[in-house]
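Visitor: Could you take me on a close look at the salt bridges in this protein? I would like to see who pairs with whom, and how open each partner is to the surroundings.

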Amino acid sequence: MSTEASNDTKPVTDGDDGSGVESEDNEQNDTQADETEVLSKRQRKRLLRLQQWEERRDLRKQQRKEKKQKRRLERQAQGDEETEWLMKKRRCKEATPSSLRLVVDCSFDSLMMLRAVKKLHNQIQRCYAENRRALHPVQFYLTSHGGQLKQNMDEKDKGWVNWKDIRIMPEHFQDVFDKKELVYLTSDSPIVLEELDENKAYVIGGLVDHNHHKGLTFKRAQELGIDHAQLPLGSFVKMNSRKVLTVNHVFEIILAYLEKRDWQEAFFTVLPQRKGAIPVGQEGSATKDEAEEQDSDSDSDSAEPIAKKKCFGARDQPESGEQGGQEAEHSQSGQPITEGTAA
């Protein structure tokens, strides 16, 4: 009886095991089918592109090498450019760092619109690049770093966290340096800077305000009780346009002075040509040349200025309000205006 019972129960056990295996296989097939159904056509194309990208990695590497070799050959073919490139490379190797400290004060973040903050970011990038290839690079500090500026740098230039030879910190410069070492560069200061003291820390106001906050950096220096001065721009340069210096202009002028030890040469090395800068004492000759040029132009084509004069409508005329008043005021004072910086 026991043998029969065991024989009766055995097929049942085998049957149960077979159904379990079949159910597991069905579940796996269903899962694979579901996974296939989940991938859309766009996702499959994306996976295919990724696979092709990985397969072509070596090819891209080879193409980059070929482009680099081609650029090198082009530079060698142009002797002047090759010489200049070698000189720049040699200058980088021979660079002797200066102990002078240049600080960009970014504590005016709340006073600027986002557009102005983006301009400041671009100017800081220029300062960093120029300092990296300068013959006498300075000790570069960026203080009060935060707010809109940091957010914009995080979004547009994530590589700033890897910048070398620069100290970027959220602290105010007053908490970093001794008060006796600080000199705030501002065009409103009555003190004209004659020489650079490499034991000092010179502060440039990181403010792009287009004269909406005139005199703010000078007031800030007075409130903090620190020394202040302006660059000797008026002693060496006469400009036809407004004497606006950006953050990077001031930074580059100081780098040029450390290399050349001549203010006039430093100014004319950095200032853009569109400002019409000429050395002080040569205003008369420049005005005479411009007048002769205008006379020759009018003789050659006298109809052109008449047509322009007729087309100059009331809507196109400059307003005689705030902007004109600022131009007159600054031309009379003789002091350079800065776009949130020093001069």
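Guide: Happy to! One cut-off first: a residue is called buried under 20% relative accessible area, exposed over 50%, and partly exposed in between. With that in hand, Arg-126 counts as partly exposed because its relative accessibility is 40%. Please keep in mind that this is a predicted model.

Let's stay with Arg-126. Its salt-bridge partner is Glu-130, and the closest N and O atoms of the two are 3.3 Å apart. Glu-130 has a relative accessible area of 17%, so this residue is buried. Both residues sit in helix α5, which covers residues 114–132; they are four residues apart there, so about one helical turn separates them. The pair also belongs to a wider group: a network of salt bridges links Arg-126, Glu-130, Arg-133 and Glu-252.

How many salt bridges are there in the whole structure? A search finds 10, so let me show you two others among them.

In one of them, the side chains of Arg-57 and Glu-54 meet, with 2.7 Å from N to O. Here Arg-57 is partly exposed, at 42% relative accessibility, and Glu-54 is partly exposed too, with a relative accessible area of 46%.

The other joins Arg-261 to Glu-198, with the closest N and O atoms 2.8 Å apart. Arg-261 is found in the loop between α9 (247–260) and α10 (263–270), while Glu-198 is in the loop between β4 and β5, so this salt bridge ties together parts that are 63 residues apart in sequence. Arg-261 comes out as partly exposed at 43% relative accessibility, and Glu-198 as partly exposed with a relative accessible area of 25%.

For contrast, here are some charged residues that make up a surface patch. Lys-41, Arg-42, Arg-44, Lys-45, Arg-46 and Arg-49 form a positive one. Patch residues have no salt bridge, by the way the patches are defined. Arg-44, one of the six named, is in helix α2 (residues 41–55), and its relative accessibility of 44% makes this residue partly exposed. There is a nonpolar surface patch of about 250 Å² as well, made by Leu-39, Leu-47 and Leu-50; Leu-50 is also placed in helix α2.

One last stop, on an acidic residue: the unreviewed UniProt entry lists Asp-209 under "active site". Asp-209 lies in the loop between β5 (201–205) and α7 (216–224), and is counted as buried because its relative accessibility is 4%.

Conventions
Residues numbered from 1 in each chain as written. Predicted model: local features only at pLDDT ≥ 70, side-chain atom pairs only at ≥ 80, totals over all residues. Heavy atoms only, no water. Patch = residues over 30% accessible without salt bridge, like charges linked within 9 Å, V, L, I, M, F, W, Y side chains within 5 Å. Areas by Shrake-Rupley, 256 points an atom, 1.4 Å probe, with all protein chains shown as cover. Salt bridge = Lys/Arg side-chain N within 4 Å of Asp/Glu carboxyl O. Lys, Arg positive; Asp, Glu negative; His and termini not counted. Charge placed at Lys NZ, Arg CZ, Asp CG, Glu CD. Helix = DSSP H or I, 4+ residues; strand = E, 2+ residues; numbered from the N terminus. Buried < 20%, exposed > 50% of the residue type's maximum accessible area, 1.4 Å probe, protein only. UniProt positions renumbered as here; feature names shortened; annotations may be inferred.
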